[in-house]
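Colleague: I'd like a close look at one part of this model, please. Start from a single side chain and then follow the picture outwards, with the cut-offs given as you go.

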Amino acid sequence: HFIGTAEMKKIFEAAGPVDLYLNDACLMQGLEVAYQLKDQAKVIVGAEDIAYGYVYPGAIKALKADPSIGPEQLASHFIKAYFDAYQSEPDMQLSAIRTAELETLAGLVSDWAVLTLEVKDRAALKVARDGVMRFNTSFYADLAHFMELFEGAHDMSLPKAAELQAAGR
């Protein structure tokens, strides 16, 4: 079974906010997931692609040693233990998001998208779309890589091209 991101938001609204939320499932560290939880969790840890499962003992030990440890510090314990345990996996990745920054990021992405529609550099969009690093399925792509590819192919002679380039950066 599965749960959608809008349903996750409703569950957190009913249960109350948390300091740290661990997404122990594949493909859950996308902007669209984190944005739904931005008001419900201070820090979100998750995998953008394949998740191998958390290694809990080190983080639990750190929490027992210092019950007042902050969510960012505890997240770093989970991430370090994860990387130590799965260092031989070629596609291993895990990250932490400070949700307080998500409103700003979403606004920047939205502003960039609106400007992209004005500039109409379809060739650069095609290069970015076709070349972007994708996670597991074609639906999930790396935003930073998409932006890098777009910038590399962007036609700077188009009106507002410099403004779009600055917005992407």
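Modeller: With 15% relative accessibility, Q93 counts as buried (buried is under 20% relative accessible area, exposed over 50%, partly exposed in between, with a 1.4 Å probe and protein chains only). Do keep in mind that this is a predicted model, in which local features need pLDDT of at least 70 and side-chain atom pairs pLDDT 80 or more, while totals for chains, interfaces and linings use all residues. Residues are numbered from 1 along each chain as its sequence is written, and side-chain values use heavy atoms, with hydrogens and water left out.

Q93 sits in the loop between α4 and β3 (helices are DSSP runs of H or I with at least four residues, strands are runs of E with at least two, numbered from the N terminus). A polar atom of the Q93 side chain lies 2.7 Å from the backbone nitrogen of E48. For a polar contact, two N or O atoms must be within 3.5 Å; within protein, one must be able to donate a hydrogen and the other to accept it, and residues adjacent in sequence count only through side-chain atoms on both sides.

Moving one residue along the chain brings us to L94, which is part of the lining of the second largest cavity. That cavity has a volume of about 30 Å³, and a search of the whole structure finds 2 cavities of 30 Å³ or more. On a 1 Å grid over the protein atoms alone, a cavity is where a 1.4 Å probe fits but cannot get out; a pocket is open, with protein on both sides within 12 Å along at least five of seven lines, and lining residues have an atom within 4 Å of a point. Volumes are the space filled by probe spheres set on the points, which are joined across faces, edges and corners. Besides L94, the second largest cavity is lined by N23, D24, G46, A47, A51, Y52, G53, Y54 and Y82. This lining divides into 6 nonpolar, 3 polar and 1 charged (Ala, Val, Leu, Ile, Met, Phe, Trp, Tyr, Cys and Pro are nonpolar, Asp, Glu, Lys and Arg charged, and the others, Gly among them, polar).

The tyrosines in that lining lead on to the rings. Y54 and Y82 form a tilted aromatic pair, at 6.2 Å centre to centre and with 55 degrees between the planes (centres of Phe, Tyr or six-membered Trp rings within 6.5 Å; stacked under 30 degrees, edge-to-face over 60, tilted for the rest). Y54 belongs to the loop between β2 (41-46) and α3 (56-65) and Y82 to helix α4 (residues 71-85), so the pair ties together parts that are 28 residues apart in sequence. Both Y54 and Y82 are buried. Y82 also pairs with F83 in an edge-to-face arrangement, at 6.1 Å centre to centre and 75 degrees between the planes. The two partners sit differently: Y82 has a relative accessible area of 1%, whereas F83 is partly exposed at 29%. Ring pairs link these residues into a cluster of Y52, Y54, Y56, F78, Y82, F83 and Y86, and the structure holds 10 aromatic pairs.

Now for the other spaces. The largest cavity has a volume of about 50 Å³ and is lined by W112, M147, F150, E151, H154, L164, Q165, G168 and R169. Helices α7 and α8 each supply at least two residues of that lining, which divides into 4 nonpolar, 3 polar and 2 charged residues.

The largest pocket holds about 860 Å³ of space. Its lining has 30 residues, and L31, A141, D142, L143 and A144 are the closest to its centre. Helix α5 gives the most to the lining, with 6 residues, and β3 (95-98), which follows the loop of Q93, is one of the elements that supply at least two. By class, the pocket lining has 20 nonpolar, 5 polar and 5 charged residues.

Finally, the setting as a whole: the chain has 8 helices and 5 strands, and buried residues, with Q93 among them, make up 35% of its 169 residues. The C-alpha trace spans about 60 × 40 × 35 Å along its principal axes.
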